[in-house]
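User: I've got this one open in the viewer and want to check a few of the labels people put on it. Can you take me through them?

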Amino acid sequence: MPPRVAVIDGASFVLPYDHGLVSGLARRGWRVTLFASRTRYNGEFLDALRGQPGVELRVFDVSGTVAPRWRGVANYLRLWAEVWRRRGEFDAVNLQFGILWPLELAMALLLGRRFVLTLHNAVPHGLQAARHRPTAWLLGCAGRAGRVIFPSRATQDDAVRRYGPQPHATVLPHGLLPVAPGDDPRPYGPPPAPEALVFWGNVLPYKGVELLLELARSPAWAARGLALEVHGAFAPGLRPLRDELRAAGVRVVDGFLDAAALRVLFRRPVIFVMPYRRASQSGALYTLLHEGCRFLCSDTGDLGDMMRRHGLQGLLMHERSPDALLQALDRLQAEPSRWTAAFAAAQQTAGWEAALSSAETAYGLRKSPP
């Protein structure tokens with residue numbers, strides 16, 4: 001019998017990741033049931049899974065983008081009730097993101113060895129405490145059965161620092177994320193002369209976009225003759241930053257970019273920057289890599305680890321400052337052929353097939369090697 005797995009992302013927080021994971025497992029011959037929500041954004045990744053061989057889709061209105069809170073909670077209870085009724089059909093029940101921890105903790109205890117926790121972040125973004133109690137409890141439940149998955153080595157290391165050793169955990173690396181389902185990776189070619197430095201993604205406090213404001217005000221940057229741009233929806237509390245960026249001459253596109261707009265952006269001769277203050281792993285990084293884009297980033301979390309693993313550490317900012325960013329940009333432009341080859345090699349080795357090579361061990365379907 002092929003492995004049978006339920007993947008649960010109740011509010012559809014990481015649909016592009018879900019699509020890559022579920023599709024990749026199905027290509028390995030697994031039977032996968034994805035429990036997710038309709039959502040205002042990224043719905044094409046759900047649609048692409050419908051009818052795919054080996055994939056069953058169970059969709060509930062849980063996301064706050066399509067349902068009020070009371071109805072979302074009620075539907076989440078319905079989702080887990082179905083998982084429980086069908087538990088005998090699954091070798092593993094894989095929770096991607098927790099949204100109602102008392103329920104998820106109860107299900108983890110009841111499911112026992114079937115329960116698998118994928119920990120995307122050691123603590124929720126913005127939490128100042130060293131430990132997040134619900135995460136610690138879920139880790140305890142999953143860890144006893146050896147069923148913890150980390151999408152990056154950096155997240156595993158962070159969890160160990162905060163919660164102690166996770167001896168039976170497995171890293172299943174994050175894979176490439178296309179702009180739209182079915183898009184092939186876009187090969188890296190000779191770099192054209194850049195016309196702008198661009199941040200792309202939802203603008204949240206931990207992403208450090210205020211560094212672009214410092215850069216816009218720097219005389220050293222003005223001498224470069226490059227434009228600065230920010231593309232992505234600003235969190236409500238960061239709208240004053242949006243206004244300051246515009247006043248400093250930065251082009252700001254405040255809103256969600258659909259696939260067509262992203263393709264236009266990614267095909268422009270620009271360099272991307274990820275000035276994150278803190279990061280576990282970044283979906284934006286794996287989309288930029290899929291799309292053949294060049295980028296600079298902060299030396300934090302999986303960003304730093306991924307760049308080092310692929311010989312791209314020279315494009316890391318060793319501190320979050322305009323000077324450090326300019327130095328990384330200089331290194332990128334000084335050796336274009338070297339960095340093109342390194343990016344291309346990273347793209348070739350970051351597919352889902354390689355990422356899921358140890359999936360049987362991660363889901364407890366095969367013992368770990370001694």
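Analyst: Start with the surface: the accessible area of the protein is about 16000 Å², and 53% of that belongs to carbon and sulfur atoms. Those areas come from the Shrake-Rupley method with a 1.4 Å probe, and for residues only the protein chains shown count as cover. Bear in mind that this is a predicted model, where local features need pLDDT of at least 70, side-chain atom pairs count only at pLDDT 80 or more, and totals for chains, interfaces and linings use all residues. Residues are numbered from 1 along each chain as its sequence is written, and side-chain values use heavy atoms, leaving out hydrogens and water.

User: What share of the residues count as buried?

Analyst: Of the 370 residues, 55% do; buried means under 20% relative accessible area (1.4 Å probe, protein chains only).

User: Why is the protein called as compact as a globular protein of that length?

Analyst: Its radius of gyration is 21 Å, close to the 21 Å that the globule rule gives for 370 residues, so the label fits. The radius is taken over C-alpha atoms, and the rule is 2.2 Å times the number of residues to the power 0.38.

User: What makes E10 and E13 edge strands?

Analyst: In the open six-stranded sheet, ordered E10-E9-E8-E11-E12-E13 with parallel pairing, E10 (251-253) and E13 (316-317) each pair on one side only. Strands are DSSP runs (E, at least two residues), numbered from the N terminus.

User: How do you know that E8 and E11 pair?

Analyst: Pairing takes at least two DSSP bridges between two strands. Three bridges join E8 (residues 196-200) to E11 (residues 270-274), so they qualify as a pair. Ala-196, for one, has Val-270 as its bridge partner in E11.

Technical notes: Helices (H or I, at least four residues) and strands (E, at least two) are DSSP runs, numbered from the N terminus. Buried means under 20% relative accessible area, exposed over 50%, partly exposed in between (1.4 Å probe, protein chains only).
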